[in-house]
Amino acid sequence: MEKTIGFIGSGNMATAMIGGILNAGLVDASRIICSNKTEEKLKKINADYHIKTTLDNSEVAKKSDVLVLAVKPFAYKEVIEEIKDKITDNKVIISIAAGVKIDTVKKHFQKDIKVVRAMPNTPALVLEGMTALSPCPRVEKEELNLICNIFNSFGKCEVVPEHLMDAVTAVSGSSPAFIFMVIEAMADAAVREGIPRDKAYVFAAQTVLGSAKMVLETKKHPGELKDMVTSPSGTTIEGLATLEKCGLRNSFIKAIHKTTERSKDLSK
């Protein structure tokens, strides 16, 4: 029997997930149900995806086999209080809120339910997301496989122990902002050298996209790919030497570390 996937909340991440699920053909649109506080937002989602929509969170909880809590962390307690009586042992809850631990979700529900903690990132909006998944022990292999398929439908996912989630928040959750800064800086440099602004962003962004794809598809070490571009006494080695002198590598290591530490603070 085909599973029903429910979403409480219909923000950017929820709609990215819904789009990915439908594009991949994981379930029929009739097997997806979504709730939101406003009728206007639900009308747009229904028009875009032709899924079931409702203003009633309890209805979503009751009808779903897999339930995604796509609300902000501060709203978890209130939403869970509203739906907890509808959650049975055979349902799986997916939490996508940053900093909300599995034990915290279970504490709000006041029962030992099946929970998968997920940390997706914003590139999911263009079907290139990266998600970490941490299931609690009660989640069965078949259920985890379905959830992996859901998150792979709009990017890639990896299963990790929950204690690594703070590091994941840094290296994939927050780091798109770091890469956007790199792209912006590269474009500024290109403009300085005379390239028009609109073309500069295309040159910089496509180069980052292509470079990332080479790492993923060739499976080669980034250092090996870097060496392929670097000729003796050439242009690239001059740029690399400047970046090393300016501390680019160490700056990224420090940024990831600081972000991880901040995530740990928020998770307490």
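Strand 7 and strand 8 (residues 155–159) are parallel partners, joined over 5 bridges. Within this pairing, Leu133 sits opposite Val159 of strand 8. To get from strand 7 to strand 8, the chain passes through helix 6 (residues 141–152), and this β-α-β crossover is right-handed. One thing to keep in mind as you look around: this is a predicted model.

**Strand 6 and its neighbours**

Let's move along to strand 6 (residues 114–119), where 6 of the 6 residues are buried. In a regular strand, side chains alternate between the two faces of the sheet. Which residues of strand 6 are buried on one side, and which on the other? Lys114, Val116 and Ala118 are on one side, while Val115, Arg117 and Met119 are on the other, and both faces are covered.

Strand 6 pairs with strand 5 (residues 92–95) in the parallel sense, and Ser95 has Arg117 as its bridge partner. The connection between strand 5 and strand 6 runs through helix 5 (residues 102–109), again as a right-handed β-α-β crossover. With strand 7 (residues 129–135), strand 6 runs antiparallel, and there Met119 has Ala132 as its bridge partner.

Here are the three pairings together:

| Strands | Sense | Bridges |
|---|---|---|
| Strand 5 and strand 6 | parallel | 4 bridges |
| Strand 6 and strand 7 | antiparallel | 4 bridges |
| Strand 7 and strand 8 | parallel | 5 bridges |

**Helix 1**

Now for a helix you may like to check with a ruler. Helix 1 (residues 12–24) has 13 residues, so at 1.5 Å a residue it should span 18 Å, and its end C-alpha atoms are indeed 18 Å apart. Its buried residues are Met13, Ala14, Thr15, Ala16, Met17, Ile18, Gly19, Gly20 and Ile21. What do the buried residues of helix 1 pack against? Their partners are strand 1 (5–8), strand 2 (32–35), helix 2 (39–49), strand 4 (66–69) and helix 6. Helix 6 thus turns up twice in this tour: it packs against helix 1, and it lies on the path from strand 7 to strand 8. Just after helix 1 comes Gly25, with a positive phi near 70 degrees.

**The second largest pocket**

Helix 1 also has a part in the second largest pocket: together with helix 4 (76–83) and helix 7 (165–192), each supplies at least two residues of the lining. This pocket has a volume of about 860 Å³. Its lining is made up of 31 residues, and those nearest its centre are Gly11, Ala70, Val71, Lys72 and Pro73.

How values were computed:
Residues are numbered from 1 along each chain as its sequence is written. This is a predicted model: local features need pLDDT of at least 70, side-chain atom pairs count only at pLDDT 80 or more; totals for chains, interfaces and linings use all residues. Side-chain values use heavy atoms; hydrogens and water are left out. Buried means under 20% relative accessible area, exposed over 50%, partly exposed in between (1.4 Å probe, protein chains only). Two strands pair if DSSP finds at least two bridges between them. A crossover is right-handed if, with the strands pointing away from the viewer, the path from the first strand over the helix to the second runs clockwise. The expected span of a helix is 1.5 Å times one less than its number of residues. Contact means heavy atoms within 4.5 Å. On a 1 Å grid over the protein atoms alone, a cavity is a set of points where a 1.4 Å probe fits but cannot get out, and a pocket is an open set with protein on both sides within 12 Å along at least five of seven lines; lining residues have an atom within 4 Å of a point. Grid points are joined across faces, edges and corners, and a volume is the space filled by probe spheres set on the points.
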